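Trainee: I should like to learn how to read a helix, its ring pairs and its polar contacts from a set of coordinates. Could we work through an example together?

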Amino acid sequence: METTLTYSESTQEFLDFLKLEKDYTTDTLDLLEGAKSRYLADLKINFKNSFESEYLSKKEVALLGVALAVNANNAVLRTFFDGNARQEGAKPEEVAEAVACASLLSANNVFYRFRHFMNKEKYNEIPARIKMNIMARPVVGKEFFELISLAVSAVNGCEMCVTSHEASLIELGSKEERIFESVRLAAVITSLSKVVY
C-alpha cells in the first residue's frame with residue numbers, strides 16, 4: 001500500500017514561492033521531507049536570500065537564474081526564473097540571451113577545460129573554431145554578459161574561463177562583491193536543482 005507524504009507547512013510555503021502545483025513532488029524532496037531533514041530550511045533560506053542583493057538587481061538575479069537553470073537542464077527552475085525575469089521587465093531577447101550564454105559557455109567550458117587539463121602546446125595552437133559572435137555586442141551589455149559567463153563557468157568548473165571572465169569584469173569596473181554575489185547565486189541554484197527538478 002502506497003502512502004502519500006504530506007509536506008510540512010514550511011516546505012509547502014517554499015513550493016508555493018516557486019509557483020509549483022500543490023501535488024508537486026520529487027524523489028529527493030520526498031526523501032528529505034520524510035527524514036525531517038533540517039537541510040530543507042537551509043535551502044529555503046539560502047534561495048530566498050539570493051533575491052536580496054545589494055549588488056545585483058532583481059532583474060539580474062532572474063536572468064542569471066534563467067542561465068543557471070538552463071545550464072542545470074532544470075525546466076522547473078527555468079520556468080520560475082523566466083517568469084521572474086519578465087515580471088522584472090526583462091525583454092524576450094534578454095531572456096533568450098541568458099539561454100544562449102549558458103549554451104555557449106557550456107561549449108567553451110568543455111573546450112577550455114580540456115586545453116587547461118592537457119597543458120599541451122599543440123592543443124593551444126589549433127584554432128578553437130567555436131563561433132562566439134554573441135559576445136561581441138550582447139543585448140544585456142558586456143559587463144552583465146561577462147557576469148553570466150563567469151557564473152556558468154564557475155558551476156561547470158572551468159578554471160581558465162572563470163579566471164578570464166573575472167579579469168574582464170574587473171577591467172569593466174565590476175565590484176568584487178558583485179562578482180561574488182553572482183557566484184553565490186550560482187551555488188545556491190545548483191544546490192536547489194538537486195532537489196527541485
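Mentor: We shall take one helix, then the aromatic rings, then two polar side chains. The model is predicted, so local features require pLDDT of at least 70 and side-chain atom pairs count only at pLDDT 80 or more, while totals for chains, interfaces and linings use all residues. Residues are numbered from 1 along each chain as its sequence is written, and side-chain values use heavy atoms, with hydrogens and water left out.

Trainee: How is a helix delimited, and what span does α9 reach?

Mentor: Helices are DSSP runs (H or I, at least four residues), as strands are (E, at least two), numbered from the N terminus. The expected span is 1.5 Å times one less than the number of residues. Helix α9 covers residues 159-171, 13 residues in total, and reaches 18 Å from its first C-alpha to its last, close to the expected 18 Å. G173 follows α9 and has a positive phi, near 95 degrees.

Trainee: Which residues of α9 are buried?

Mentor: Buried means under 20% relative accessible area, exposed over 50%, and partly exposed in between, with a 1.4 Å probe and protein chains only. In α9 the buried residues are C161, H165 and L169. Viewed down the axis of α9, they fall within an arc of 65 degrees, so they line one face of the helix; the arc is taken over the directions from the helix axis to the C-beta atoms. E159 and E171, on the other side of α9, are exposed.

Trainee: What covers the buried residues of α9?

Mentor: The cover includes α6 (92-118), α8 (142-156) and α10 (176-192). Contact here means heavy atoms within 4.5 Å.

Trainee: How should I describe a pair of aromatic rings?

Mentor: Such a pair is described by the distance of the centres and the angle of the planes. Rings of Phe, Tyr and Trp (its six-membered ring) pair if their centres lie within 6.5 Å; planes under 30 degrees apart count as stacked, over 60 as edge-to-face and the rest as tilted. By this rule there are twelve aromatic pairs. The rings of F47 and F81 have centres 5.9 Å apart and planes at 70 degrees, so this pair is edge-to-face. F47 belongs to helix α3 (residues 39-49) and F81 to helix α5 (residues 75-87), 34 residues apart. Both F47 and F81 are buried.

Trainee: Why is the pair of F51 and F81 stacked?

Mentor: The ring centres of F51 and F81 are 6.1 Å apart and the planes stand at 10 degrees, so the pair counts as stacked. F51 lies in the loop between α3 and α4 (58-71), and F81 in helix α5, so the pair ties together parts 30 residues apart in sequence. The relative accessible area is 13% for F51 and 0% for F81. F14, F17, F47, F51, F80 and F81 form one aromatic cluster.

Trainee: Which side chains does a polar contact of 2.6 Å join?

Mentor: A polar contact is a pair of N or O atoms within 3.5 Å; within protein, one must be able to donate a hydrogen and the other to accept it, and residues adjacent in sequence count only if both atoms are side-chain atoms. The contact of 2.6 Å joins the side chains of T11 and E33. T11 is in helix α1 (residues 9-17) and is buried, with a relative accessible area of 7%.

Trainee: Where is S53 found?

Mentor: S53 is in the loop between α3 and α4. A polar contact of 2.7 Å joins the side chains of S53 and E181.
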